[in-house]
Amino acid sequence: MQRKAYVTGIAALLAALLAGCTSGSGGDGPTDNANPGDAGTATVAAQPGKYRTLPEPCGVIDHDTLDSLLPGIKQLADPEQRDRAYQGDATLTYNTDRKVGCHWKVESADATDRLAVDFERVVSYDNAVSDDDQAQKLFEEKETAADLPEPTSATPATPASSAGTATPTPTPTPTPTATASDDASPSTTETSPDATPTDLQPRVLSDLGDEAYLDDQLGSSGSTAGPRTVTVVFRTSNVVVTIEYEEQPTATGTVPDSKEMQDRARDLASQLDDALGS
């Protein structure tokens, strides 16, 4: 009888241990499936950009637009030379799926005009950053490098100086001197005929692509010597387009017209934006 009770006790113990193992394996189920659960809650990869290809840069601009930007083309008497001028020169690049460009240089009786157009298709290799966001970052870097000035009025300093001399605090003695300086102030403003009007200053453009800006520089280091260069940069989805339009007059002392060059560059930018199909 004692031997039978002993055997029965061992059997009960084994059954209890087996039940414990079974319940333990069931409790570990969610832990074993933790990886699949985590995969389901992982961050979804950012969306790719709208554009997968780029246009052919030397053929995307029509002849009428080139005639406007580069007047010297129509002055070329040789048909073959004129055709070569229209064709432009492709920018050297090692990956035409990512970056392409074309540039032109044409001399006329009045000036030498240069035009460069570049397309860059931005691709993000970070799953958490979309192509559009990466392109936006590139655009912002270009805009920062351009160092666009804050918009200013045509005569920002004159009212401030006159208001300063009109205060009753100073003694009456220096009043004539202050008046003389005020008289000189407008003359210095008037002696800068090349000052850019407010609406033509380098600025952000709100009617082009997803974001855009325009820069306008005259000569080197801001002097009136040298060419005027108008730059328009805009982003449409994951493509950043850069236009550089430069004119160097033949006659010394001649200043290229800012409005005319900006209008031409902006018209071209609108055409290229349309060509992208935005």
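**A walk from strand 7 to the disulfide**

Let's begin with a facing pair: Arg 114 sits opposite Glu 246, a residue of strand 7. Keep in mind as you look around that this is a predicted model. The pair belongs to a longer partnership, in which strand 3 (residues 111-121) and strand 7 run antiparallel and are joined by 11 bridges.

Strand 7 also pairs with strand 6 (residues 228-236), again antiparallel, through 9 bridges. Here you can find Arg 235, whose bridge partner in strand 7 is Val 240. Strands 6 and 7 make a hairpin with 2 residues between them, and in that turn Ser 237 has a positive phi of about 55°. How covered is strand 7 (residues 239-249)? Mostly: 8 of its 11 residues are buried.

Now turn to helix 5 (residues 79-87) and look at its two ends. At the N-terminal end, Asp 78 acts as the cap, with a side-chain oxygen 3.2 Å from the backbone nitrogen of Glu 80. After the helix comes Gly 88, which has a positive phi near 70°.

Our last stop is the cysteines. The model has 1 disulfide, formed by Cys 58 and Cys 102 with their sulfur atoms 2.0 Å apart. This link ties together distant parts of the chain, 44 residues apart: Cys 58 is in the loop between helix 3 (34-40) and helix 4 (63-69), while Cys 102 is in strand 2 (residues 99-107). The link is right-handed, with 105° about the S-S bond. Are its two cysteines buried or exposed? Cys 58 counts as buried because its relative accessibility is 15%, under the 20% cut-off. Cys 102 is buried too, with a relative accessible area of 1%.

Conventions. Residues numbered from 1 in each chain as written. Predicted model: local features only at pLDDT ≥ 70, side-chain atom pairs only at ≥ 80, totals over all residues. Heavy atoms only, no water. Buried < 20%, exposed > 50% of the residue type's maximum accessible area, 1.4 Å probe, protein only. Helix = DSSP H or I, 4+ residues; strand = E, 2+ residues; numbered from the N terminus. Pairing = 2+ DSSP bridges. Polar contact = N/O pair within 3.5 Å; in protein donor to acceptor, adjacent residues only side chain to side chain. Disulfide = S-S within 2.5 Å.
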